[in-house]
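Visitor: I would like a close look at a single part of this protein, with the cut-offs spelled out as we go. Could you take me there?

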Amino acid sequence: MNSNDQYGICRLSVIPVRNTPSEKAEMVSQILFGETYTILDSKPNWLLVRLCYDEYEGWIDQKMNNNLSAADYSQLDYNNSFVTTSVISEVRQENQRIMLLTFGSTLWNILEDKIILEHGASDFIGTYAQNDLPKPDRIGQYAMQFLQVPYLWGGRTVFGIDCSGLNQMVFKAAGIKLFRDAGQQATQGKTIDFIEESKTGDLAFFDNAEAEIVHAGIIIEPGKIIHASGHVRIDNIDHQGIFNLEEQTYTHRLRLIKRII
């Protein structure tokens, strides 16, 4: 950490991250409640940020920024944080709902279901898990909570998610860090040589005619994959790729399988 660095923390349910400083620009990712970021640059009404969780970069609307001092940032320890595991959680104060949080949001200060925010202690209604140890046995359970969620390019929430976002959020709740994009995630873990050797929690990656990784999903049982394609769905998978049960055809060509844990 550089003493001159500037930091921020997401105090909204979600902040869109865009590829250029414009409201019309493509959304490439999202920052969820509690996630922190480094401020790299600024332009009128916009900030270029790097997400501390996965080092992903993009532009956010300056009005959505909540500054975090270097001293406060230095006190944050990811292993002592918590991640929401309810599809939707609530933050309430004096029995009034003040915020909805989506699955995978980060909680830094929580004790006995009380979360500490700038305006004091608020009730947290939902479930959460500590990030102290990996929990690979929960990957299948968490992934199933996303079934039927619509596909959204750049999405990381239960209201819209892309294929690599699904992988990342499920693994985040299980205490395992993944990069943001499918091509980046494909560099992590150990390669599994044969589809028959895959097991729940392994990641499958798929390429196009140019051999570029363009899709990813999570093996949930032998021969079955959960992935975001149109919506989050379960399909068959074999050594050729994903076989869409509704269309009765192969839709994605298998490139490799990785075991993260």
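Visitor: Which side chain does a polar contact join to that of histidine 215, and at what distance?

Guide: Happy to! The partner is histidine 227, whose side chain is joined to that of histidine 215 by a polar contact of 2.9 Å. Such a contact is an N or O pair within 3.5 Å, where one atom can donate a hydrogen and the other accept it; residues adjacent in sequence count only through two side-chain atoms. Before going on, please note that this is a predicted model, in which local features need pLDDT of at least 70 and side-chain atom pairs pLDDT 80 or more, while totals for chains, interfaces and linings use all residues. Numbering runs from 1 along each chain as its sequence is written, and side-chain values use heavy atoms, without hydrogens or water.

Histidine 215 sits in strand 20; strands are DSSP E runs of at least two residues and helices H or I runs of at least four, numbered from the N terminus. Histidine 215 counts as buried because its relative accessible area is 5%, the limit being under 20% with a 1.4 Å probe and protein chains only. Beyond the four places on either side in sequence, histidine 215 has contacts (heavy atoms within 4.5 Å) with Cys163, Ala182, Ala204, Phe205, Phe206, His227, Ala228, Ser229, Ile242 and His252. One of these neighbours, cysteine 163, is buried too, at 7%.

Strand 20 also borders open space: with 3 residues, strand 20 gives the most to the lining of the largest pocket. A pocket is an open set of points on a 1 Å grid over the protein atoms, with protein on both sides within 12 Å along at least five of seven lines, and lining residues have an atom within 4 Å of a point. Its volume, the space filled by probe spheres set on the points, is about 240 Å³. Of the 15 lining residues, Trp153, Asp162, Ser164, Asp181 and Ala182 lie nearest the centre. Helix 3, helix 4 (182–185) and strand 20 each give two or more residues to that lining. Ala182 is thus a meeting point, being a contact of histidine 215 and a lining residue.

Now follow strand 20 (213–221) into the largest nonpolar core, to which it gives two or more residues, as do helix 2 (139–144), helix 3 (163–173), strand 19 (203–207) and strand 21 (224–229). A core joins buried Ala, Val, Leu, Ile, Met, Phe, Trp, Tyr and Cys residues through side-chain atoms within 4.5 Å. This one holds 32 residues, and Phe146, Ile161, Val170, Phe171, Ile218 and Val232 have the most contacts inside it. Helix 3 gives the most, 6 residues. Isoleucine 218, setting aside neighbours within four places, touches Ile139, Ala143, Leu166, Asn167, Val170, Phe171, Gly201, Asp202, Leu203, Lys224, Ile225 and Ile226. A separate core of 14 residues includes Val17, Ile39, Leu47 and Tyr56.

As a polar companion, take asparagine 244 in strand 23 (residues 241–244). Asparagine 244 is buried because its relative accessibility is 7%. Its side chain makes a polar contact of 3.4 Å with that of arginine 233 and reaches the backbone nitrogen of glutamate 246 at 2.9 Å. Leaving out residues within four places, asparagine 244 is in contact with Arg233, Asp235, Thr249 and Thr251.

Technical notes. Buried < 20%, exposed > 50% of the residue type's maximum accessible area, 1.4 Å probe, protein only. 1 Å grid on protein atoms, 1.4 Å probe; cavity = no way out; pocket = protein on both sides within 12 Å on 5 of 7 lines; lining within 4 Å.
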